[in-house]
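Here is a short briefing to read alongside the model. Have the sequence and the 3D view open as you go.

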Amino acid sequence: MDIPLKKITLFFSILIATILIGCGATPGISTGSKEPDKNFPSYHYQDAEGNLYDITSQKFIYTPVSATNTIDGITDEGLYMELNISLNEYAKIAAACEAQLQRNQNPLTERSPDIPLPFLRRKGDNTPKKINIDYTAVNALNFILEPFLDE
């Protein structure tokens with residue numbers, strides 16, 4: 001009983017494809033982005049210049065107010081940026097955000113009306129929260145977020 005090599009190859013190809021499709025995998029199709037984990041809150045931060053930062057367990061998104069108005073004054077960092085981040089990077093950012101959400105913020109006085117009011121918002125867990133933050137909080141968050149803009 002001599003079985004040709006083509007029949008053996010065909011049999012194993014069909015077997016592997018059946019196993020992959022049976023477990024939910026679709027050969028040749030993959031998606032580059034996954035939804036953020038619903039167990040982790042997301043954070044939305046607006047700095048004192050009006051730049052926006054959205055942080056999820058998988059993404060860091062930076063939306064500058066303009067090309068010349070960034071947190072450190074470097075004009076070449078005034079571009080929209082979306083980065084994949086690790087869970088460790090997310091944990092570091094989330095810890096900094098939580099520290100500011102728990103801290104008593106000083107009211108911002110003597111502020112020019114054309115300067116946006118910085119704020120921090122947590123959403124996606126049982127206790128969403130949005131607060132206006134002071135310049136101490138802005139400096140602390142910018143210190144954590146600035147290295148991501150260098151990437």
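**Overview**

Buried residues, meaning those under 20% relative accessible area (exposed is over 50%, partly exposed in between, with a 1.4 Å probe and protein chains only), make up 32% of the 151 residues in the protein chain. Please keep in mind that this is a predicted model, in which local features need pLDDT of at least 70 and side-chain atom pairs count only at pLDDT 80 or more, while totals for chains, interfaces and linings use all residues. Residues are numbered from 1 along each chain as its sequence is written, and side-chain values use heavy atoms, with hydrogens and water left out.

**Fold at a glance**

- The protein chain has three helices and six strands, taken as DSSP runs numbered from the N terminus (helices: H or I, at least four residues; strands: E, at least two).
- Starting at the N terminus, the order of elements is α-β-β-β-β-α-β-β-α.
- Of the contacts (heavy atoms within 4.5 Å) with a separation of 6 or more, 54% are between residues 24 or more positions apart.
- About 9900 Å² of the protein chain is exposed, and carbon and sulfur atoms supply 58% of that area, as computed by the Shrake-Rupley method with a 1.4 Å probe, where for residues only the protein chains shown count as cover.

**The nonpolar core**

- A nonpolar core is a set of buried Ala, Val, Leu, Ile, Met, Phe, Trp, Tyr and Cys residues joined through side-chain atoms within 4.5 Å. The largest one here has 26 residues, and Tyr 45, Tyr 53, Ile 55, Phe 60, Ile 93 and Ile 133 have the most contacts inside it.
- At least two residues of this core come from each of β1 (42–46), β2 (52–55), β3 (59–63), β4 (81–84), α2 (87–102) and α3 (135–149).
- Helix α3 gives the largest share of this core, with seven residues.
- Leaving aside residues up to four places away in sequence, Tyr 45 touches ten partners that you can look up in the view, including Leu 52, Phe 119, Ile 133 and Leu 145.

**Helix α3**

- Buried residues in α3 are Ala 137, Val 138, Leu 141, Asn 142, Ile 144, Leu 145, Phe 148 and Leu 149.
- The cover over these buried residues includes β1, β2, β3, β4, α2 and β5.
- Look for a kink of about 35° at Phe 143, shortly before the proline Pro 147; the bend is the angle between axes fitted to the seven residues ending there and the seven starting there.

**Salt bridges**

- The whole structure holds three salt bridges, each a side-chain nitrogen of Lys or Arg within 4 Å of a carboxyl oxygen of Asp or Glu.
- Glu 82 pairs with Lys 59, with the closest N and O atoms 3.5 Å apart. Glu 82 lies in strand β4 and Lys 59 in strand β3, so this pair ties together parts 23 residues apart in sequence. Glu 82 is partly exposed, at 42% relative accessibility.
- Arg 122 and Glu 98 meet through their side chains at 2.6 Å, N to O. This pair links strand β5 (residues 119–123) to helix α2, 24 residues apart. Arg 122 is buried at 6%, whereas Glu 98 is partly exposed at 22%.
- Asp 134 and Arg 103 form a salt bridge at 2.5 Å, N to O. Asp 134 sits in the loop between β6 (129–132) and α3, and Arg 103 in the loop between α2 and β5, so the pair joins parts 31 residues apart in sequence. Asp 134 is buried at 3% relative accessibility, while Arg 103 is partly exposed at 26%.
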